[in-house]
Amino acid sequence: MAVSSEQLAINKPDPWQDLRGKIVMVTGASSGIGWEFCIALAKSGCRIIATARRMNRLKSLCDEINNLDRQEKEGEARNPRVWAVAVELDVNADGSTIKASVRKAWEAFGHIDVLINNAGIRGIQLMMSLNSCFCFSPIVLGVIV
């Protein structure tokens, strides 16, 4: 049965839905939703830069991603055999430490297409000791050009 070009156009996903080959940096990737984001994005064909404080957990995550079965290995990444890299990053670090971590992340694949800023702080004692302005202000990583 032949398929018309109109039928192909209908079944073709929008460009923003095709994630294959995108480089995604996920903060807070060592557990919870950050970990799950990394797995789901890797299964969609993304290369992952997993960042958090706990390097042992990040390495486990990256090992899991790098061992996923791949049918297609697309993208312009510098190292086509590596799908995920771990970069230590603590949102409580000073500015120069954060910049160095972001540079390492950038260097892993040559660029970053998407940032999922999932990292945060938790703990009722910590929250009680902080002023309310700080508690509700977003944690932002600056883009290093």
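**Exercise 1. Pairing of β1 and β2**

Determine how many bridges join β1 to β2 in this predicted model, and whether the strands run parallel or antiparallel.

Solution. Start with the strand limits: β1 covers residues 23-27, and β2 covers residues 47-52. Next, count the bridges: five join β1 to β2. The two strands run parallel. For one position in register, take I23, which stands opposite R47 in β2. Then trace the connection: from β1 the chain passes through helix α2 (residues 32-43) before it reaches β2. This β-α-β crossover is right-handed.

**Exercise 2. The other neighbour of β2**

Find which residue of β3 stands opposite A50.

Solution. Locate β3 at residues 84-88. Five bridges join β2 to β3, and these strands run parallel. Within this pairing, the residue opposite A50 is A86.

**Exercise 3. Burial of β2**

Decide how many residues of β2 are buried, and which way each side chain points.

Solution. A residue is buried if its relative accessible area is under 20%. By that cut-off, six of the six residues of β2 are buried, so the strand is largely enclosed by the rest of the structure. Now sort the residues by direction: R47, I49 and T51 point one way, while I48, A50 and A52 point the other way. Both sets are buried.

**Exercise 4. T27**

Establish whether T27 is buried or exposed, and which backbone nitrogen lies 2.9 Å from a polar atom of its side chain.

Solution. Place T27 in strand β1. Its relative accessible area is 2%, therefore T27 is buried. The backbone nitrogen in question belongs to A119.

Definitions and conventions
Residues are numbered from 1 along each chain as its sequence is written. This is a predicted model: local features need pLDDT of at least 70, side-chain atom pairs count only at pLDDT 80 or more; totals for chains, interfaces and linings use all residues. Side-chain values use heavy atoms; hydrogens and water are left out. Helices (H or I, at least four residues) and strands (E, at least two) are DSSP runs, numbered from the N terminus. Buried means under 20% relative accessible area, exposed over 50%, partly exposed in between (1.4 Å probe, protein chains only). A polar contact is a pair of N or O atoms within 3.5 Å; within protein, one must be able to donate a hydrogen and the other to accept it, and residues adjacent in sequence count only if both atoms are side-chain atoms. Two strands pair if DSSP finds at least two bridges between them. A crossover is right-handed if, with the strands pointing away from the viewer, the path from the first strand over the helix to the second runs clockwise.
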